Amino acid sequence: MRKLICCLIFLIVALGLYAQSYNSDKVSFTNFLVRMYNNSPFEGVRAVDDYEHAYLISVLALDKSKYKTESVMNRVASVKAMAQASRYFNGSNITQDMIIRTSEKSDGSADTEIIENIRENSVGYVKALEQLTNFTREDGMQVFIFIKQLDTFEATQ
């Protein structure tokens, strides 16, 4: 009876200790992405592989001084990350107009003004983007990294 109670206590303690741990693979992958960003900063969407899976990461930086609360900044970051991922998966329609105005002065010289309009339209929705981490750069910008595991089909496109 004593052996049974000791085994039961050992099992409960072992399960309790295992339940308290965090996914160490995710922590090391997060550290890898932060080091990769610090080595050569970038913004936008990239496909990144680890040993077992392919991931889509969406990286963006926001100016902390433009937002009143942290929750507003987190929501803006989430929406921008979903927009970046949607453009990656669904594409976008980009139009560009260039207007060149030339006016001649009375002395014979000309002034040239160039106006360029670029419009982008993207439609789609990407669900299940997870905020992996956020940190502050040296210049005070807040960097957000969002992640989505890619299916085999999505990773090959």
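In which helix is the place of threonine 30? In this predicted model, threonine 30 belongs to helix 2, and the description below begins with the chain as a whole before turning to that helix and its surroundings.

The protein chain contains 4 helices and 6 strands. Read from the N terminus, the order of these elements is α-α-β-β-α-β-β-β-β-α. The chain has 157 residues, of which 24% count as buried. Where contacts between residues at least 6 apart in sequence are considered, 52% join residues at least 24 apart.

Helix 2 comprises the 16 residues 24–39. At 1.5 Å a residue, a helix of this length should span 22 Å, and the end C-alpha atoms of helix 2 are indeed 22 Å apart, so the expected and computed values agree. The buried residues of helix 2 are Phe29, Thr30, Leu33, Val34 and Tyr37. Because these residues cover an arc of only 135 degrees around the axis, they are placed on the same side of helix 2. On the other side of the helix, Ser24, Asp25, Arg35 and Asn39 are exposed. The packing partners of the buried residues of helix 2 are four strands: strand 1 (44–49), strand 2 (54–63), strand 5 (130–136) and strand 6 (141–150).

The packing between helix 2 and strand 5 can be followed through individual residues. Threonine 30 has a relative accessible area of 12%, which is under 20%, and therefore counts as buried. When neighbours within four places in sequence are left aside, threonine 30 is in contact with Leu132 and Thr133. Threonine 133, in turn, lies in strand 5. With a relative accessible area of 18%, threonine 133 also falls under the 20% limit and is therefore buried. Apart from its neighbours within four places in sequence, threonine 133 is in contact with Thr30 and Val34, as well as with Val143, Phe144 and Ile145. Thr30 and Val34 are among the buried residues of helix 2.

Helix 3 covers residues 70–90 and has 21 residues. From its first C-alpha to its last, helix 3 reaches 30 Å, close to the 30 Å expected at 1.5 Å a residue. Its buried residues are Met73, Ala77, Ala81, Gln84, Ala85 and Ser86. These buried residues of helix 3 pack against strand 1, strand 2 and strand 6, and each of these strands is also packed against by the buried residues of helix 2. Just after helix 3, glycine 91 adopts a positive phi of about 80 degrees.

Empty space around the protein atoms was also examined. The largest pocket holds about 440 Å³ of space. It is lined by 18 residues, and those closest to its centre are Asp25, Lys26, Phe29, Asp50 and Tyr55. Among these central residues, Asp25 is exposed, whereas Phe29 is buried. At least two residues of the lining come from each of helix 2, strand 5 and strand 6. Helix 2 gives the most to the lining of the largest pocket, with 5 residues. By class, the lining consists of 7 nonpolar, 4 polar and 7 charged residues. Helix 2 thus appears both in the packing against the strands and in the lining of the largest pocket.

Notes. Residues numbered from 1 in each chain as written. Predicted model: local features only at pLDDT ≥ 70, side-chain atom pairs only at ≥ 80, totals over all residues. Heavy atoms only, no water. Expected span 1.5 Å × (residues − 1). Buried < 20%, exposed > 50% of the residue type's maximum accessible area, 1.4 Å probe, protein only. Arc of directions from axis to C-beta. Contact = heavy atoms within 4.5 Å. 1 Å grid on protein atoms, 1.4 Å probe; cavity = no way out; pocket = protein on both sides within 12 Å on 5 of 7 lines; lining within 4 Å. Points joined across faces, edges and corners; volume = space filled by probe spheres on them. Nonpolar A, V, L, I, M, F, W, Y, C, P; charged D, E, K, R; others polar.
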